[in-house]
Amino acid sequence: MDSPKSNWPKFLLYAAMAVFLLFFPAIFTLPFPQHIMIMIFLYAMLAQSWNIIGGYAGQISLGHAVYFGCGAYTSTLLLVKWGLSPWLGMLAGAGLAMGLSLIIGYPCFRLAGHYFAIATIAIGEIAQISMVNWKGGGGAVGLYIPLLDESFVNLEFHTTKVPYYYIALGITAILFFVTYLIEKSWLGFYFRAIKGDLDAARALGINIPKYKSIALAISAFFTAVAGTFYAQYVLFIDPESVLPLMLSILICLVAILGGVGTVWGPFLGAAILVPLSEFTRTYLGGGGRAIDLMIYGALIVLIARFQPEGLMGMIKKFR
Amino acid sequence: MILPPVIQKRTSMFTTEIILQTLISGLLMGCVYALVAVGLCLIWGLMEIVNFAHGQFMMLAMFMTFWMYTLLGVDPLFSLPLGAVLLFLIGIATYFFIIKGILYTTFLAQIFATFGLGVFLHSMAQFLWTANYRSIQNPLIAGRIAAGKIFIGFPHLAAAVMCVIGFIFLYWFINKTEIGLALQAASEDREAASLMGINSNRIFAMGWGIGSACVGVAGVLLSNFFYIFPEVGFTFALIAYVAVALGGFGSIPGSFIAGVFIGLVEALGGLFIDPAFKYFSVYVLYLAVVFIRPQGLWGRY
Amino acid sequence: MALLQVRDLTKRFGGLVACDSVSVEIKEGEIVGLIGPNGAGKTTLFNCIAGFYPPNSGQVTFEGQEITSLPADRVCQLGIARTFQVVKIFKEMTVLENLMVGGFVRSLNTGKVRQEAMDTLNFTGLAEKKEMRGGALTIADKKRLEIARSLMTKPRLLMLDEAMAGLTQKETQEALELIHKLHQQKITLFLVEHVMEVIMPISHRVVVLDYGKKIAEDVPEKIINNEEVIKAYLGDKYHAARRGH
């Protein structure tokens, strides 16, 4: 077992990080760096949610944007049509996403690896095409989130990004803690067993469809929460921004770069990819030049080929 | 039979000619899908690795054709052998530089190796050539054939015919030549094949080369009448996956027939429901097939 | 009353009859061997009993309860554990974690399961390797790990599928010692084996399958000299030769 001494560097690191993150907006007072951190948190949330079903349980979902869009659209439509508080809308969206995941999971989980992955792509595309053609939900034009008075209750702030920062930090922290608990509990072991060998898992008493569904439901819940947060932050959503295949791919990418099946991987991945994306966009040419995506693509190939365990894998090797 | 309003509105506009026209367009396009699917199936059946960059390979062939035409004045017709060879080489290179190293690694790594390659190629195309839509203005193969009130675009017809020829050639190759039989043997049982003296590396590289050449041929042929842009690969790739799943993984004739079938479904879906929904029908078809019959219509698993 | 009762179990794959009306009874505390030439249907029988696929006809009863069409995870929860012919361990998890997965079917408390896993590791002689990655073990240790892991589910009946295959003399000896310890723990054992020198000495009874049918069931001494068994393994010609034309 670990001796108390060897735990000190870890605790110090965590403490330093916590202090840094808590005081970040006080140190970096301009909106731009705060926006970057908020985006890092957003992608960390998405990647960590995906990590639960894709990294731990090994079910490669390439259509996770559907849950993101579900969260974003549900809370927005409830706000637009009935003035429902975005927080309640967030819960409604997350609950709906969980239900959606059960419906999707039930037939899909019977499919083997590649079939499952492509099925998730197909479902994602069906969702996007449907929303584009549903005028009641805004269609291709999208929806503007109604401008409300700036307040925590309304989950809207217009003069400063700082509250958004802390809300994002809070949600991310909760999600990471939940993931940590899962990893240490029987759920984490069962998810990893499912990823490891299905027959062996069954022979050890694991009900495979049940646990796959649990993993996906938890994942969908938090992905949808991120969707509502995004809607309230950007104040505009459309199928192109919350449901595209590219977003689903990016989510996986962040998780893989950081290291699948680890608690810190998604944060590491987001912390590298988001600034990288901003940097290439700002310094290497205008939008559509896609240099950041080129780098992403090359990164994934390199990671898959040489270091499938991602950055966390590399870090563990140096310990 | 009471049809939903969106369908009812459209059926009133249908004449036999329109339906026939749609069926023929779908059939012709389906032949192109079919060749793309066959290329994917070959790789998939050979080593159970999905080439998620398959669509981007096709896109590369299309851009090659475009630049040969625009910069050197070479008509797509003459680019055909070049496209086949270029993609053959790209396929082999992909095998040796990327695939060989991930053959025995985790499933996740395998998916993402080709996935990453696809993302890279797609964004590279966007970076080098912008996202603008290009087209070849005056190809040699142009014009229409008229049969009564039905028009068949000559490029579409030529593409379909060439794809069918390509498939027949491939089928002959797989079943009647030594290399082809070696490919089949290796896909059935890698170890047994190597005991028979079949060098698995060379065979796999060959499989990648031929599979990519198929999609290269399809791409060159498409350039005659389809828009050329970095994202063009995505849709074709997705359709190819659906076709391979539909036809049963590992069955080359199955994939071909499924590809043609999907061409029809796509065309009819666009006609009877809404043009916006033509791909929608394809995705729904995929889900229907894998949910009801996971091994596909002709599959081995 | 028998612990496990298999009655007229038949399993077909397309046109091939893998198990043909096989009946067998196993009493508590017994060690029963299952032998037969390759393709005789031994693993298929295991798979049907363990719930990996349902038989086409027949009945399986365990501790008086019918379990014929129950899925594999339910069968494990009821007290039957099995290992696999081609060993299936969780390669990316440590030895300790592998065992813990098995323990959670009896308790969801991580601390308790970890302690039980440590005890089981000590019992099966794997304690030193507890932090090793599953995939890094030798084949003998992997087989041992699979047995240890299935022990965590606290089975009343343990079915081992070729646990000795591919082991050296020394490793086989160690595996035999483990089996003996399991027997002392009052776990009923049903073993598929090819290595005759191993299974004959330890089994109370031996069941012989050939082409899906049960052709003999008796104490090991009688099985060795059973005409049908010899014919099944060595073919008619040898049998005729043996009888001395």
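**Exercise 1. Describe the order of helices and strands along chain B, and then its overall dimensions.**

*Solution.* Read from the N terminus, chain B runs α-α-α-α-α-β-β-α-α-α-α-α-α-α, where helices are DSSP runs of H or I with at least four residues and strands are runs of E with at least two, numbered from the N terminus. This gives twelve helices and two strands in chain B. The model is predicted, and local features need pLDDT of at least 70, side-chain atom pairs count only at pLDDT 80 or more, while totals for chains, interfaces and linings use all residues. Residues are numbered from 1 along each chain as its sequence is written, and chains are lettered from A and ligands numbered from 1 in the order in which they are written.

Next come the dimensions: the C-alpha atoms of chain B fill a box of roughly 65 × 50 × 35 Å along the principal axes. The radius of gyration of chain B, taken over C-alpha atoms, is 19 Å, which agrees with the value near 19 Å for a compact globule of 301 residues; the globule rule is 2.2 Å times the number of residues to the power 0.38.

Finally, 53% of the 301 residues of chain B count as buried, meaning that 20 or more other C-beta atoms, placed from the backbone, lie within 10 Å of the residue's own.

**Exercise 2. Work out the strand order of the six-stranded sheet in chain C, and locate the helix α1 against it.**

*Solution.* The sheet is open, with mixed pairing and the order β6-β7-β8-β3-β9-β10 in chain C; two strands pair if DSSP finds at least two bridges between them. The edge strands, each pairing on one side only, are β6 (80-82) and β10 (213-218) of chain C.

Within this order, β3 (residues 31-35) and β9 (residues 205-210) of chain C pair in the parallel sense over four bridges, and C:Leu34 stands opposite C:Val207 in β9(C).

Helix α1 (residues 42-50) of chain C packs on the sheet and touches β3, β6, β7 (157-161), β8 (188-192) and β9 of chain C, a contact being two C-beta atoms, placed from the backbone, within 7 Å. The direction of α1 makes about 150 degrees with that of β7(C), with axes fitted to C-alpha atoms, for helices over the stretch in contact, and angles running from 0 to 180 degrees between N-to-C directions.

**Exercise 3. Identify which elements of chain A face chain C.**

*Solution.* Begin with the totals: 17 residues of chain A are in contact with 24 residues of chain C. The elements giving two or more residues to this side of chain A are α7 (186-196) and α8 (198-203) of chain A, and α7(A) gives the most, with six residues.

Note on methods. Buried ≥ 20, exposed ≤ 12 C-beta atoms within 10 Å, placed from the backbone.
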